[in-house]
Amino acid sequence: MFVKVCGLSTPESVREAVSAGADAVGFVLTASPREVSPETVRSLLPLVPSGVAAVGVFRHETAADAVALAQAAGLSWVQLHGHRTAADVEAVHDAGMRLIRAVTMGASPEEFGDLGEELFLIDAAVPGSGEAWDYASVREKGLDSRSWLLAGGLEPGNVAAAASAAGAWGVDVSSGVESSRGVKDLAKVRAFVEAAKA
């Protein structure tokens with residue numbers, strides 16, 4: 001099970017995610033309670049080993065702006081939320097970067113098609129709500145042959161069952177491992193990664 005821990009902002013949270021066995025760590029470079037600056041990301045990157053993907057997360061930015069911010073932060077992975085096109089994917093790849101394309105369960109059917117991104121992410125219909133949803137409904141999307149991450153409402157106590165119900169290749173968590181909005185609970189981070197990996 002591929003595990004991404006998102007919304008990291010401190011040396012302690014990055015160290016905990018990595019030592020627990022996370023495969024990817026996410027840094028939010030868009031307007032959010034978890035937003036960090038490119039400079040902050042650069043200061044945290046030395047704590048991320050070469051085998052762990054360091055991802056810049058973007059919501060409203062154009063692909064070009066996201067790439068520029070990710071480059072300023074020293075990142076090689078970009079995560080784009082919202083309606084995106086094949087041209088957006090191409091723009092990320094042309095910059096020598098890899099892409100996680102994120103959609104919500106409420107997105108239109110064509111948005112679930114493969115545009116050539118490295119990883120696909122499916123979030124709850126209302127992203128950021130932190131509420132559990134009908135994870136099994138993802139199976140209707142026919143994603144068995146793709147590398148995709150399940151997100152939305154996941155926490156240490158439900159991640160194993162949710163991933164199994166959805167048939168997920170990987171999982172992504174942010175609010176489910178926080179003590180308050182934007183503040184990671186280190187014990188929850190470790191418990192989540194261990195539960196998902198188990």
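Which residue follows helix 1, and what is the sign of its phi? Helix 1 is followed by Gly-21, whose phi is positive, near 110 degrees. The structure discussed here is a predicted model, and the account below moves from its central sheet outwards to the helices.

The sheet is a closed barrel of eight strands, in the order 1-2-3-4-5-6-7-8, with parallel pairing. On average, and with direction ignored, neighbouring strands of this sheet are turned by 25 degrees against each other.

Several of the individual pairings can be followed strand by strand. Strand 1 and strand 2 run parallel and are joined by two bridges; here Val-5 stands opposite Val-25 in strand 2. Further along, strand 5 (residues 98–104) pairs in the parallel sense with strand 6 (residues 119–123) over five bridges. Within that pairing, Ile-100 has Leu-119 of strand 6 as its bridge partner. Strand 6 in turn pairs with strand 7 in the parallel sense over three bridges, and Leu-121 stands opposite Leu-149 in strand 7. Strand 7 is also joined to strand 8 by three bridges, the two strands running parallel. There, the bridge partner of Leu-150 is Val-171 in strand 8.

Two of these strands show how the residues of the barrel are placed. In strand 2, five of the five residues are buried, so the strand is largely enclosed by the rest of the structure. Both of its faces are covered: Ala-24, Gly-26 and Val-28 lie on one side, Val-25 and Phe-27 on the other, and all are buried. Strand 7 (residues 148–151) can be described in a similar manner. Trp-148 and Leu-150 point one way from strand 7, Leu-149 and Ala-151 point the other way, and all are buried.

Attention now turns to the helices, beginning with helix 1. Ser-13, Val-14, Glu-16, Ala-17, Val-18 and Ala-20 are buried in this helix. The buried residues of helix 1 pack against strand 1, strand 2 (24–28), helix 2 (38–44), strand 10 (183–184) and helix 6.

The last of these partners deserves a fuller description. The axes of helix 1 (residues 11–20) and helix 6 (residues 186–197) come within 9 Å and cross at roughly 25 degrees. Because of this angle, helix 1 is roughly parallel to helix 6. The crossing of the two helices is right-handed. On the side of helix 1, the contact is made by Glu-12, Ser-13, Glu-16, Ala-17, Ser-19 and Ala-20, and on the side of helix 6 by Leu-186, Val-189, Arg-190 and Val-193. By class, this contact has five nonpolar, two polar and three charged residues. An α-helix has 3.6 residues a turn, so residues three or four places apart point the same way.

A final example is found in helix 3 (residues 63–73), where Ala-66 has its place. Why is Ala-66 classed as buried? Residues under 20% relative accessible area count as buried, and Ala-66 is buried because its relative accessible area is 0%. Leaving aside neighbours within four places in sequence, Ala-66 is in contact with Phe-58, Glu-61, Val-78 and Leu-80. Ala-66 and Gly-56 are 10 residues apart in sequence and 8.1 Å apart in space, C-alpha to C-alpha.

How values were computed:
Residues are numbered from 1 along each chain as its sequence is written. This is a predicted model: local features need pLDDT of at least 70, side-chain atom pairs count only at pLDDT 80 or more; totals for chains, interfaces and linings use all residues. Side-chain values use heavy atoms; hydrogens and water are left out. Axes are lines fitted to C-alpha atoms, for helices over the stretch in contact, and angles run from 0 to 180 degrees between N-to-C directions. Helices (H or I, at least four residues) and strands (E, at least two) are DSSP runs, numbered from the N terminus. Angles under 35 degrees count as roughly parallel, over 145 as roughly antiparallel, 65 to 115 as roughly perpendicular and the rest as oblique. A crossing is left-handed if the near helix is turned anticlockwise from the far one by less than a right angle, and right-handed if clockwise. Contact means heavy atoms within 4.5 Å. Ala, Val, Leu, Ile, Met, Phe, Trp, Tyr, Cys and Pro count as nonpolar, Asp, Glu, Lys and Arg as charged, and the others, Gly among them, as polar. Two strands pair if DSSP finds at least two bridges between them. Buried means under 20% relative accessible area, exposed over 50%, partly exposed in between (1.4 Å probe, protein chains only).
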